[in-house]
Amino acid sequence: MSLSKNRKSLDLDDENESSAHYLRSQWTVCVKSAKILKKVTVVMRSAERVDRVFGSAWLKSEKYMTKVNATDINVPKGAVLHPHFYHFNPPITNIGKYSAQLIGRALRNRGIEPGVIFCSPTLRTLQTAAAIAKSTGARILVEPGLLEPMEWYRRAGAKQLPDFFDEALDFPQVDKTYKPIFSMHEFTSMFGAKSQEQCIQRIMLVVKNICVIFRDTPALIIGHAVTMDVASKIGQHGDMLSSGHTEDLTSYEDSTYPSDPSGQAAKLELGVRYPPLSVMGLVRNNDAPPHVLKTVPDLIPPLSMGSYSNKILN
């Protein structure tokens, strides 16, 4: 059977318009409609963290005076080692940075060139966004509403959130005029009050709001494993909808998100299921509210089919 017969296209409306963005590919999903591209929001987990590769002891093993004395080529040489700063806000590895650039290239090769990148205020999401924006020219919009549940920081021993926005100012691609859905002040002032469930509902609200914004180009959300899981929950109804029943069930109907009271097992499971730099797409299926969002899990090929991969585990 020929590749053309095997190939699917991301063509979710009745209009089959020709587009310069249409790219023939051996992968399973092709974007061939310029109209659809405007409705695409790519959701992606940040690149791998230094502390998940080398453990929290990397702060000591890689430090010489105030500089980095890297014992491994995967340690970012540009890091300014300060244990207090990195303890709850680790940077990404060198492999993470280069892999993020490959993801950016893969998206462009698919005809998906995000004009804006929404990212969580953590250092790892900012660095991932910057690696992609450097070659695409996209603006980075820091959205605190994408931040992981504050309960997870409290369990790790944090007494307060890191001062994320000080780090954001060091990235030239960050649009400092952006007015976020949730301000950072709301998180710092209510650090000890918000539960995991409340925070997950907040992430869901933010992702939905970003996906339904009308724009001329695709958008990219860079968050965490929980962001990926929330996105999959948002789009699950869209996968089951037929064109004749779009008003019967919408992505807004399921307002709850099941969570493990202990949080530990669920958090570990999310990290395995959605590895660093895993990618999925959410496509707005209609233009008028209530909006329906369809999940596209295989938007780009995985970086590798070996033991290191960004492919989502189903």
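In which helix do Asp229 and Lys233 both lie, and how many residues apart are they? Both belong to helix α12 (residues 225-240), 4 residues apart, about one turn of the helix. Helices here are DSSP runs of H or I with at least four residues, strands are runs of E with at least two, and both are numbered from the N terminus. The structure is a predicted model, in which local features need pLDDT of at least 70 and side-chain atom pairs count only at pLDDT 80 or more, while totals for chains, interfaces and linings use all residues. Residues are numbered from 1 along each chain as its sequence is written, and side-chain values use heavy atoms, with hydrogens and water left out.

The side chains of Asp229 and Lys233 form a salt bridge, with an N to O distance of 3.1 Å. A salt bridge is defined as a side-chain nitrogen of Lys or Arg within 4 Å of a carboxyl oxygen of Asp or Glu. By this rule the structure contains 8 salt bridges. Asp229 is buried, at 4% relative accessible area, whereas Lys233 is partly exposed, at 23%. These classes are set by relative accessible area: buried is under 20%, exposed is over 50%, and partly exposed lies in between (1.4 Å probe, protein chains only).

A second salt bridge within a helix joins Arg155 to Glu151, with the closest N and O atoms 2.2 Å apart. Arg155 and Glu151 are separated by about one helical turn because they stand 4 residues apart in helix α8 (residues 150-155). An α-helix has 3.6 residues a turn, so residues three or four places apart point the same way. Arg155 is partly exposed, with a relative accessible area of 33%, and Glu151 is buried, at 14%.

The salt bridge between Lys39 and Asp287 has its closest N and O atoms 3.5 Å apart. This pair links distant parts of the chain, 248 residues apart: Lys39 is in the loop between α2 (34-37) and β3 (40-45), and Asp287 is in the loop between β9 (279-284) and β10 (293-296). Lys39 is buried, at 7% relative accessible area, while Asp287 is partly exposed, at 38%. Lys39, Asp287 and Arg284 are linked in a network of salt bridges.

Arg284 also belongs to strand β9, where it points one way together with Met280 and Leu282, while Val279, Gly281 and Val283 point the other way. In a regular strand the side chains alternate between the two faces of the sheet. Of the 6 residues of β9, 6 are buried, so the strand is largely enclosed by the rest of the structure. Strand pairing requires that DSSP find at least two bridges between the strands. Strands β3 and β9 run antiparallel and are joined by 5 bridges; Val40 has Val283 as its bridge partner in β9. Strands β9 and β10 are also antiparallel, with 4 bridges between them, and Gly281 stands opposite Val296 in β10.

Helix α7 (residues 123-136) has 14 residues, and its end C-alpha atoms are 20 Å apart, which agrees with the expected span of 20 Å at 1.5 Å a residue. The expected span is 1.5 Å times one less than the number of residues in the helix. The helix is mostly covered, with 10 of its 14 residues buried. Among them are Leu123, Leu126, Ala130 and Ile132. Just after α7, Gly137 takes a positive phi of about 75°.

No disulfides are present, the search of the whole structure giving 0, where a disulfide is a pair of cysteine sulfur atoms within 2.5 Å. Cys119 is buried, with a relative accessible area of 0%, and Cys211 is also buried, at 1%.

At the surface, Leu268, Val272 and Leu313 form a nonpolar patch with about 300 Å² of accessible area together. Patches consist of residues with over 30% relative accessible area and no salt bridge, with like charges joined within 9 Å and nonpolar side chains (Val, Leu, Ile, Met, Phe, Trp, Tyr) within 5 Å. Accessible areas come from the Shrake-Rupley method with a 1.4 Å probe, and for residues only the protein chains shown count as cover. Leu268 lies in helix α13 (residues 264-273) and is exposed, at 60% relative accessible area.

Asn109 lies in helix α6 (residues 94-109) and is partly exposed, at 42% relative accessibility. Asn109 and Ile300 are 191 residues apart in sequence, with a C-alpha to C-alpha distance of 9.0 Å.
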